Amino acid sequence: MTIIWQGLKVTFGFFLVAGLVFASSVFAVLLYAKATGKEPAFFASSPAILAAKPTASVKVNEVASPPPAIEIKKSAMIDAPVFAQLPELPAGCEITSLTMLLQYHGISKSKMELAAEMPKDDTPATLNADGSIAYWGNPNLGFVGDVTRKKRGFGIYHAGLFPLLKSYIPQAIDITGESFELYEQQIANDIPVIIWTTIDFNIPYKWVTWDTPMGPIKTTYAEHAVLLVGYDENNVYLNDPLSGKKQVQVNKNQFIDSWTAMGKQGLTYLKK
């Protein structure tokens, strides 16, 4: 009786071990199939074994892929208010463009109020013997010269103007140096952009250089800033503070060349 009982225990143990080995093998194969997305050949005739019902958020054998790139609209236009820098601010294209941007955002500030708040670099101009400027302010620090042009006046760049924009719109961003497609995406999102160009929207034909508290700067007296409010495949559309006209049409390639020459400067903001 003892011998029979010992035999049964051995037989039971054998089947138990064999069952465990088989179950482990099946589990390993299932893990392989899950990880690789490949169905083992010996399961091919029994698809129900691998046909676990996917949940709403996870699909069997689904390979993760990056989200599709945002497709920019072929054209877009913003109806932003336009203000003229003249006659009070002959050198105030940048602050007048900021006025348009803020007014569109719902902030009621006038160009004269903002001009009084604008950062300034009051470094006086030192002239060379020929009358050219040897040493003056840096527009990346603040407005250089007199915005009313009662005295010598120049302008302000993105880095100098950004703190004032940021003080009114916390979501303000400086997109200087970014691709023009990003500027177009802002317009497509109904957000205008202050953008630096030249008075005639062409590449400057004359450059000047002077020393500043931050080192030499190369620029042009044709420097200008406008509010970018629209684009299509061939043109851009600008609210121009110099002419006081809105949605002025300019050839896109021509404009991009002038914007590039002026350092690809741009200020805008993000939606809340």
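Helices and strands are here DSSP runs, with helices of at least four residues and strands of at least two, numbered from the N terminus. The structure on display is a predicted model. By that assignment the chain holds 6 helices and 13 strands.

**The whole chain**

Begin with all 272 residues shown, of which 38% are buried. Among contacts between residues at least 6 apart in sequence, 60% join residues at least 24 apart.

**Stop 1: the loop ahead of helix 2**

Select P81, which is located in the loop between strand 1 (76-77) and helix 2. Its relative accessible area is 27%; because this value falls in the intermediate range, P81 is partly exposed. Next, add the residues that P81 touches beyond four places in sequence: M100, Q103, Y104 and N239. For one of these, Q103, the C-alpha atom is 7.1 Å from that of P81, although 22 residues separate the two in sequence.

Move along to P87, which also lies in the loop between strand 1 and helix 2. Display the backbone between L86 and P87: the peptide bond joining them is cis, with omega about 5°. As background, most peptide bonds are trans.

**Stop 2: helix 2 beside helix 4**

Select residues 93-104 for helix 2 and residues 158-168 for helix 4. A packed pair of helices is described by the angle and the distance between the two axes. In this pair the axes come within 11 Å and cross at roughly 20°. Angles under 35 degrees count as roughly parallel, and helix 2 and helix 4 are therefore roughly parallel to each other. The crossing of helix 2 past helix 4 is right-handed.

Now show the side chains where the two helices meet. Helix 2 contributes E94, I95, L98, L101 and L102, while helix 4 contributes L161, L164, L165 and Y168. Classified by residue type, this contact comprises 8 nonpolar residues, 1 charged residue and no polar ones.

**Stop 3: helix 5 against helix 6**

Continue to helix 5, residues 180-188, and helix 6, residues 252-261. Their axes are 12 Å apart, and the packing angle is about 115°. This crossing, too, has a hand: it is right-handed.

Which residues of helix 5 and helix 6 meet? On the helix 5 side they are F180, Y183 and E184; on the helix 6 side they are K252, F255, I256 and W259. The contact between helix 5 and helix 6 consists of 5 nonpolar and 2 charged residues, with no polar residue.

Centre the view on E184, within helix 5. Is E184 buried or exposed? Its relative accessible area is 9%, and because buried means under 20%, E184 is buried. Colour its contacts beyond four places in sequence, namely I72, Y231 and K252.

Then select T260, in helix 6, together with F180. The C-alpha atoms of T260 and F180 are 9.5 Å apart, and their positions lie 80 residues apart along the chain. T260 has a relative accessibility of 37%, so T260 counts as partly exposed.

**Stop 4: from helix 5 to strand 7**

Follow the chain out of helix 5 to D190, in the loop that leads to strand 7. The phi angle of D190 is near 65°, a positive value in a residue other than glycine. In general, most residues other than glycine have a negative phi. D190 is partly exposed, because its relative accessibility is 40%.

Select residues 193-198, strand 7, in which 6 of the 6 residues are buried. Turn the strand to inspect both faces. V193, I195 and T197 are on one side, I194, W196 and T198 are on the other, and all are buried.

With which strands does strand 7 pair? One partner is strand 10, residues 223-231, joined in the antiparallel sense over 6 bridges. Within this pair, I194 stands opposite L227 of strand 10. Another partner is strand 13, residues 266-269, which runs antiparallel to strand 7 and is joined to it by 2 bridges. Here, I195 has G266 of strand 13 as its bridge partner.

**Stop 5: strand 12**

Finish at Q247, in strand 12, which covers residues 245-251. The phi angle of Q247 is near 55°, again a positive value in a residue other than glycine. The relative accessible area of Q247 is 29%, so this residue is partly exposed.

Notes. Residues are numbered from 1 along each chain as its sequence is written. This is a predicted model: local features need pLDDT of at least 70, side-chain atom pairs count only at pLDDT 80 or more; totals for chains, interfaces and linings use all residues. Side-chain values use heavy atoms; hydrogens and water are left out. Buried means under 20% relative accessible area, exposed over 50%, partly exposed in between (1.4 Å probe, protein chains only). Contact means heavy atoms within 4.5 Å. Axes are lines fitted to C-alpha atoms, for helices over the stretch in contact, and angles run from 0 to 180 degrees between N-to-C directions. Angles under 35 degrees count as roughly parallel, over 145 as roughly antiparallel, 65 to 115 as roughly perpendicular and the rest as oblique. A crossing is left-handed if the near helix is turned anticlockwise from the far one by less than a right angle, and right-handed if clockwise. Ala, Val, Leu, Ile, Met, Phe, Trp, Tyr, Cys and Pro count as nonpolar, Asp, Glu, Lys and Arg as charged, and the others, Gly among them, as polar. Two strands pair if DSSP finds at least two bridges between them.
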